[in-house]
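Please look at the sequence and the model below before reading the points. They are meant to be checked against the structure as you go.

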Amino acid sequence: LWKSFQGKIRNQIRQAQQACLTVEEGTADKLDDFYKVFVRNMRDLGTPVYPRRFFVSFLRLFPDRVRIFIVRHPNGRPAAGAFLVFHRGRTEVPWASSVENFNPLRPNNLMYWTMIERAIERGERCFDFGRSTEGGGTYRFKSGFGAKPHKSYWHYYLPEGGALPELNPDNPKFKMAIRIWRFLPVPVTRLVGPRIVRGLP
């Protein structure tokens, strides 16, 4: 698999290793670091965040099916984090984030390569990178690791004559809200975000 990657991807993984970034794997013991990165990244994207208790529930209900990965900078700060769920030969990464300040060191590249290695060691047959908008930055990043796209279909039950909702960040009516959210203090988004995200699909 390593040899199948383009030279650019291998070099970016090596770049993170040479910067002395390290990857830690755990469960509940890594939740605080993951959530700290997750909240910061979601704020930077202009998106409300899930409450911490949402992830606590995952860990409580599926203790043997969840792993959390943290990429740590030599200064001790978490640079990236991912929340994995695996079941019946399949590993899925529904949530992964990084702190923008550390992105030049390529923490995501090292984190994903390590997660893929662990999935292979466990004998998993499929590594699911999670959803991405076709053509977007995360879509291109995942494609570099050999991810193959599969369409996801959304179904809506609407009243007769109702129009499909345009619930996406490109909708002009959300642009101002996204712009404002990006400038809010992280503690504020952590407090208010869970109350908003309940109404989003």
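The points below deal with the strands and then the cores.

1. This is a predicted model, in which local features need pLDDT of at least 70 and side-chain atom pairs count only at pLDDT 80 or more, while totals for chains, interfaces and linings use all residues. Residues are numbered from 1 along each chain as its sequence is written, and side-chain values use heavy atoms, with hydrogens and water left out.

2. Strand E2 (66-72) and strand E3 (78-87) pair in the antiparallel sense over seven bridges. Strands here are DSSP runs of E with at least two residues, helices are runs of H or I with at least four, and both are numbered from the N terminus; two strands pair if DSSP finds at least two bridges between them. The hairpin of E2 and E3 has five residues between the strands, and Gly76 there takes a positive phi near 95 degrees.

3. E3 is also joined by seven bridges to strand E4 (residues 90-98), and these two run antiparallel. Phe83 in E3 stands opposite Ile68 and also opposite Trp95 in E4.

4. Eight of the ten residues of E3 are buried (under 20% relative accessible area, 1.4 Å probe, protein chains only), so E3 is largely enclosed by the rest of the structure.

5. The largest nonpolar core (buried Ala, Val, Leu, Ile, Met, Phe, Trp, Tyr and Cys residues joined through side-chain atoms within 4.5 Å) has 21 residues. Helix H4 (107-121) gives the most to this core, with seven residues. A second, separate core of 14 residues includes Phe83.

Conventions:
Buried < 20%, exposed > 50% of the residue type's maximum accessible area, 1.4 Å probe, protein only.
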